[in-house]
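Reader: Please show me the sequence and the model, and then we can go through the fold.

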Amino acid sequence: MTDPVIEMKGITKSFPGVRALSDVSFGVRPGEVQALVGENGAGKSTLIKILSGVYQADAGQVRMNGEAVHFVHPVESLRAGIAVIYQEFSLLPERTVAQNLFLGREPRTRFGLIDSAKMRADTREVLALFAAAGRIDLDRTVGELDVATQQVVEIAKAVSTGARVVVMDEPTAALNEAECEELFATVDTLRARGVAIIYITHRMREITRLADRVTVLKDGEVAARFDEVPAPDAIVRAMVGRDIADFYAPPATPEEIGDPVLTVRGAGNAMLHQIDLDVRAGEIVGLAGIQGAGRVALAMALFGETPFEHGQVTLNGERVSFQTPRSAILGGIGLLPGDRKSEGLVLMQSVRDNGMLTSRAFAPLWSSDRRNAFTDRARMDGLLDHMEIRAASYDQDIRALSGGNQQKAIVARWLSMRPKLLIFIEPTRGIDVNSKAGIYHLMRDLAREGAGILMISSDLPEVIGAADRVLVMQEGRIAAEFPHGATEQDIMHAATGETGVAA
């Protein structure tokens, strides 16, 4: 058996008031994908930051190719051949692809000038390893590229440095199905080249698709090691202490589903065509489809961001025509954006203030709540309590909360407006397994309280498990409808145009 290229033994790390890691041992071999999983706060990030030189361990040792190493700065780790690809990329948006790949180590002419021709040629050679190479213009600035292509550039940059260990932190968080498959092919390419890969993810399907071994962290300790990838249920049980079957709340019964909250007939705009849609009180309707199929465009049309140009929309029995998000909010629609950090939160403000953003903005000038700050705060605190948000205080900055708790704070914000329809876009993106279960049960509770829920997700198991019905979009149209319990194959066939509307 090949010896590990990286081995961490007995790693312990404490911060004021908390022990983040306790006697953790972990290793990865050349040409292996080792999945590192655990809930938020389990210690994954701390372990990787020790490996990359951001933190120094209080105890324990890191060995590389059998020799002890001690990195006191990320540059030392990078020079040793360890590249970490975080969810927030390290690329410079105003520089080209080639300039980003060779930043700080540009090839030079004999006169000391940057050899642009060689830099472009070397970039082309590195990118040839990736399936996405054909669509990448070396002279475009990185800021002009979509997220999936930026990720390819980030990985290519690691390869160009000669990295022997690549750490990928939630690499598919912002990717659609096709882009995920492209990333998986890239991982396979790196593995074939003998690169050791540490793959951090919350998605069980990615673990079973890619990993050779799995290490589970819980509360800063190794909870389980699997030398062969087990069934997802075993991984989940090691992470959170319960079975995967408990994740999704039971689907709505016929008695729990009421009259239509939202009815759309023959609606469309430049991106959407002849949309017919119903969402009833008490039900969760999932919206599936490949990237560009129109799922988010439909959400934005309902929310008044890019309004319908024709057709009819009815909300709680009244015909409406929302031309702005403000009118949609006042009409009773709430929307949780796909990127909560950039679109849904003010990270430097408190949990409470984030919860009160909408109610403060839309309360009439004569509202008693606007004049009585104490009442407003008390009501929001009650909603945050109802969401069971874990925070030291509602006065702390919301950036300190986990992704699941941040998402719950956005839900509390909308509940203060008493919406008739809630639209969730990628509701569990970047959230750990246990928090995902909390969001699913929260959506079900909201539905049972009479709200209609429209859920847009790129995670097919999530759509299938959480929704009462699944609508599949293709090229701006609703192409098929499936009841709860449809298979991934059914949905993907419909999304790619290989079948018609389900009976």
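Reader: Which residue of β7 is the bridge partner of Ile82?

Author: The model is a predicted one. Ile82 belongs to strand β6, residues 82–85, and this strand pairs with β7, residues 165–169, in the parallel sense over four bridges. Within β7, the bridge partner of Ile82 is Val165.

Reader: In β8, what is the bridge partner of Val165?

Author: Strands β7 and β8 pair over five bridges, in the parallel sense. Val165 is thus named in two pairings, with Ile82 and with a residue of β8. That residue of β8 is Ala196.

Reader: Which residue of β8 is the bridge partner of Leu36?

Author: Strand β3 covers residues 33–37 and pairs with β8 in the parallel sense, over four bridges. Strand β8 also pairs with β7. The bridge partner of Leu36 in β8 is Ile200.

Reader: Are the faces of β8 covered or uncovered?

Author: Five of the five residues in β8, residues 196–200, are buried. One side carries Ala196, Ile198 and Ile200, and the other carries Ile197 and Tyr199. Since buried means under 20% relative accessible area, the answer for both faces of β8 is covered.

Reader: Which residues of β6 point the other way from Ile82 and Val84?

Author: Ile82 and Val84 point one way from β6, and these residues are buried. The residues on the other side are buried as well. They are Ala83 and Ile85.

Reader: How many bridges join β9 to β10?

Author: Strand β9 spans residues 213–218 and β10 spans residues 221–226. They run antiparallel and form a hairpin with two residues between them. Val214 stands opposite Phe226 in β10. The number of bridges joining the two strands is five.

Reader: What is the phi of Asp219?

Author: Asp219 lies in the loop between β9 and β10, in the turn of their hairpin. The residue counts as exposed because its relative accessible area is 62%, where exposed means over 50%. Its phi is positive, although the residue is not glycine. The value is near 55°.

Reader: Where is Gln274, which also has a positive phi, and what is its relative accessibility?

Author: Phi of Gln274 is near 45°, a positive value in a residue other than glycine. Gln274 sits in the loop between β11, residues 260–268, and β12, residues 275–280. This residue counts as exposed because its relative accessibility is 52%.

Reader: Why does Pro461 count as partly exposed?

Author: Pro461 is found in helix α17, residues 460–466. Leaving aside residues up to four places away in sequence, Pro461 touches Arg205, Tyr248 and Glu488. Partly exposed is the range between under 20% and over 50%. Pro461 therefore counts as partly exposed, with a relative accessibility of 28%.

Reader: How far apart in space are Pro461 and Met443?

Author: Along the sequence, Pro461 and Met443 are 18 residues apart. In space, taken from C-alpha to C-alpha, the separation is 16 Å.

Reader: Which residues does Asp397 touch, not counting residues up to four places away in sequence?

Author: Asp397 is in the loop between α14, residues 373–386, and α15, residues 403–415. Asp397 counts as partly exposed because its relative accessibility is 25%. Its C-alpha is 22 Å from that of Ser14, with the two positions 383 residues apart in sequence numbering. The residues that Asp397 touches are Leu347, Met348, Gln349 and Ser350.

Reader: Why does the radius of gyration of the chain agree with a compact globule?

Author: The chain has 18 helices and 20 strands, and its C-alpha atoms fill a box of roughly 70 × 50 × 45 Å along the principal axes. For 503 residues, a compact globule would have a radius of gyration near 23 Å. The chain agrees with this because its own value is 24 Å.

Reader: What percentage of the residues in the chain are buried?

Author: Of the contacts with a separation of 6 or more, 65% are between residues 24 or more positions apart. The accessible surface comes to about 22100 Å², and carbon and sulfur atoms hold 50% of it. Among the 503 residues, the buried share is 53%.

Reader: How far apart do the centres of the positive and negative side chains lie?

Author: The chain has 54 positive side chains and 66 negative ones. Each set has its own centre, and the two centres lie apart by 5 Å.

Key
Residues numbered from 1 in each chain as written. Predicted model: local features only at pLDDT ≥ 70, side-chain atom pairs only at ≥ 80, totals over all residues. Heavy atoms only, no water. Rg over C-alpha atoms; globule rule 2.2 N^0.38 Å. Buried < 20%, exposed > 50% of the residue type's maximum accessible area, 1.4 Å probe, protein only. Contact = heavy atoms within 4.5 Å. Areas by Shrake-Rupley, 256 points an atom, 1.4 Å probe, with all protein chains shown as cover. Lys, Arg positive; Asp, Glu negative; His and termini not counted. Charge placed at Lys NZ, Arg CZ, Asp CG, Glu CD. Pairing = 2+ DSSP bridges.
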